[in-house]
Amino acid sequence: MRIALQCLAVVGLLGAASAPVHADQDLAVKKNCSACHFVDKRKYGPSFQQIAAKYADQKDAADKLAVKIRKGGTGVWGQDVMPPQPQVTVAESKALAKYILSVKPGEAK
Ligand code: HEC
């Protein structure tokens, strides 16, 4: 049983590494981010393109945004509040932050 579980974990890791490019966009949909964020235009929250542009020069942006994704917050983009997202794990928050920062201007997907 233990061995079987370890195998599953390895398969899971390999699966994540070879996932298609837009896997994290799927994650954003699955984790309900798309209720407030579009990729290419402002919805209730800023678009992923706007966020990527704002933090393009900041090396630690992925870590900072990963924390904010789970805790939520306000005041960076106006007075609207992003609620905490406890359904997102630490690993998922990092993947989402990296994905958001990788969105290019003009990318409409
Ligand atoms: C209920 C609406 C709502 C949901 C759901 C939501 N957000 Fe947000 N998000 C916002 C708002 C509003 C802001 C702007 C907050 C601010 O000005 O500080 C924001 C800001 C952000 C930022 C930029 C933070 C910053 O400090 O610049 C990121 C990254 C982000 N959201 C990612 C996500 C991800 C990933 C999810 C899904 C797990 C998600 N959001 C779900 C409303 C939402």
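Start by selecting K54 and W77: K54 lies over the face of the W77 ring, 5.0 Å from the ring centre. Keep in mind as you click around that this is a predicted model.

Next, pick K41 and F38. Here the charged end of K41 sits over the ring of F38, at 5.2 Å from its centre.

Now for ring against ring. How many aromatic pairs does the structure hold? There is 1 aromatic pair to find. Show F48 and Y99 as sticks: the ring centres are 5.8 Å apart and the planes stand at 90°, so this pair is edge-to-face. For that label, the angle between the planes has to be over 60 degrees. Colour the helices and you'll see that the pair links distant parts of the chain, with F48 in helix α3 (residues 48-54) and Y99 in helix α5 (residues 90-102), 51 residues apart. Are F48 and Y99 buried or exposed? Turn on a surface to check: both F48 and Y99 are buried.

Last stop, the largest pocket. Its volume is about 550 Å³. To get there, select H37, P46, I51, K68 and M82, which lie nearest the centre of the pocket among its 30 lining residues. Then colour by element: α3, α4 (61-71), β1 (73-74), β2 (81-82) and α5 each give two or more residues to the lining. Which element gives the largest share of the lining? That is α4, with 4 residues. Finally, colour the lining by residue class, and you should get 17 nonpolar, 9 polar and 4 charged residues.

Methods. Residues are numbered from 1 along each chain as its sequence is written. This is a predicted model: local features need pLDDT of at least 70, side-chain atom pairs count only at pLDDT 80 or more; totals for chains, interfaces and linings use all residues. Side-chain values use heavy atoms; hydrogens and water are left out. Rings of Phe, Tyr and Trp (its six-membered ring) pair if their centres lie within 6.5 Å; planes under 30 degrees apart count as stacked, over 60 as edge-to-face and the rest as tilted. Buried means under 20% relative accessible area, exposed over 50%, partly exposed in between (1.4 Å probe, protein chains only). A charge sits over a ring if NZ of Lys or CZ of Arg is within 6 Å of the ring centre and within 35 degrees of the ring normal. On a 1 Å grid over the protein atoms alone, a cavity is a set of points where a 1.4 Å probe fits but cannot get out, and a pocket is an open set with protein on both sides within 12 Å along at least five of seven lines; lining residues have an atom within 4 Å of a point. Grid points are joined across faces, edges and corners, and a volume is the space filled by probe spheres set on the points. Ala, Val, Leu, Ile, Met, Phe, Trp, Tyr, Cys and Pro count as nonpolar, Asp, Glu, Lys and Arg as charged, and the others, Gly among them, as polar.
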